Amino acid sequence: MAECVPSRATGMEGGIVIKDDWPGYSLELFTYPEHYREDIESVYIPHGVIMDRTERLARHIMDDIGDHDMVVLCVLKGGYKFCSDLVEFIKVQCRNSNKHLETRVEFIRLKSYLNDQSTEDLHIIGSQDLSVLRGKNVLIVEAIVDTGKTMKALLKHVEAFEPKMVKVAGLLVKRVSNVVGSLPDYVGFEIPNRFVVGYALDYNEYFRDLNHICVMSEIGKVKYKI
Ligand code: HPA
Ligand code: MG
């Protein structure tokens, strides 16, 4: 499936690198909601692997910033599963090491994709009062980063609230040639530049209820296109 080598991402955690020729696992090897049978082609990253990698990221984050209270800023909607699992692992590790760390979770909702294409614009949806971030250690938790443009705009937005420190955890980083923005400090997986769904990542709001990260079929792309 992958080899673990340093990736293009900066910071402490480059991520597990999934190569361009990785086809994913056959659907027959896993379970998934029956209503998606025709709509997915393969299981790209199984749920269990996502969980194990997230546990390791939680340990890295704790080693780096676990001595201070944290405000976790979950980027919706795609980041909700990763954020929830990451925060749970952080809490377990706090308990196991007898640390009394407060982790407050805040949310911000962004939208920049229609079908499987980026729309160029970053939309912050709803008015977000993030004044709670002032003077705090902030961990932004995002499901997927490609050019880094959205992340750069988000960092600018967050920094206006004058946090003490900002780190970013990204479950997936796509290997793209046109990196123009910011990459996460902690990365789960570096993947080829292809569209994936599941584990809260959507295609026009479908597939968020799929546990594994999967590749869509052409049938699925047509069926759920707007
Ligand atoms: N899947 C779902 N949402 C996304 C993706 C993707 O591959 N890239 C950016 N937003
Ligand atoms: Mg989306």
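This section describes a small set of features of a predicted model: one sheet, one helix and one loop residue.

The sheet is open and consists of 3 strands in the order 3-11-10, paired in the antiparallel sense. Strand 3 (40-45) and strand 10 (196-197) are the edge strands; each has a single partner strand, so one side of each is left without a neighbour in the sheet. Strands of a sheet pair through backbone hydrogen bonds, in either a parallel or an antiparallel arrangement. Between strand 10 and strand 11 (residues 213-216), the antiparallel pairing runs over 2 bridges. V196 has V215 of strand 11 as its bridge partner.

Helix 1 spans residues 47-65, a run of 19 residues. The distance from the first C-alpha of helix 1 to its last is 26 Å, close to the 27 Å expected at 1.5 Å a residue. Buried positions in helix 1 are I50, R53, T54, L57, A58, H60, I61, M62 and I65. Apolar side chains such as I50 and L57 are thus listed alongside R53 and H60 among the buried residues.

D129 is located in the loop that connects strand 6 (117-125) with strand 7 (137-145). The relative accessibility of D129 is 58%, and because exposed residues are those over 50%, D129 counts as exposed. The side chain of D129 makes a polar contact of 2.9 Å with the side chain of S131. D129 and E162 are separated by 33 residues in sequence, and their C-alpha atoms are 13 Å apart in space.

Key
Residues are numbered from 1 along each chain as its sequence is written. Chains are lettered from A and ligands numbered from 1 in the order in which they are written. This is a predicted model: local features need pLDDT of at least 70, side-chain atom pairs count only at pLDDT 80 or more; totals for chains, interfaces and linings use all residues. Side-chain values use heavy atoms; hydrogens and water are left out. Two strands pair if DSSP finds at least two bridges between them. Helices (H or I, at least four residues) and strands (E, at least two) are DSSP runs, numbered from the N terminus. Buried means under 20% relative accessible area, exposed over 50%, partly exposed in between (1.4 Å probe, protein chains only). A polar contact is a pair of N or O atoms within 3.5 Å; within protein, one must be able to donate a hydrogen and the other to accept it, and residues adjacent in sequence count only if both atoms are side-chain atoms. The expected span of a helix is 1.5 Å times one less than its number of residues.
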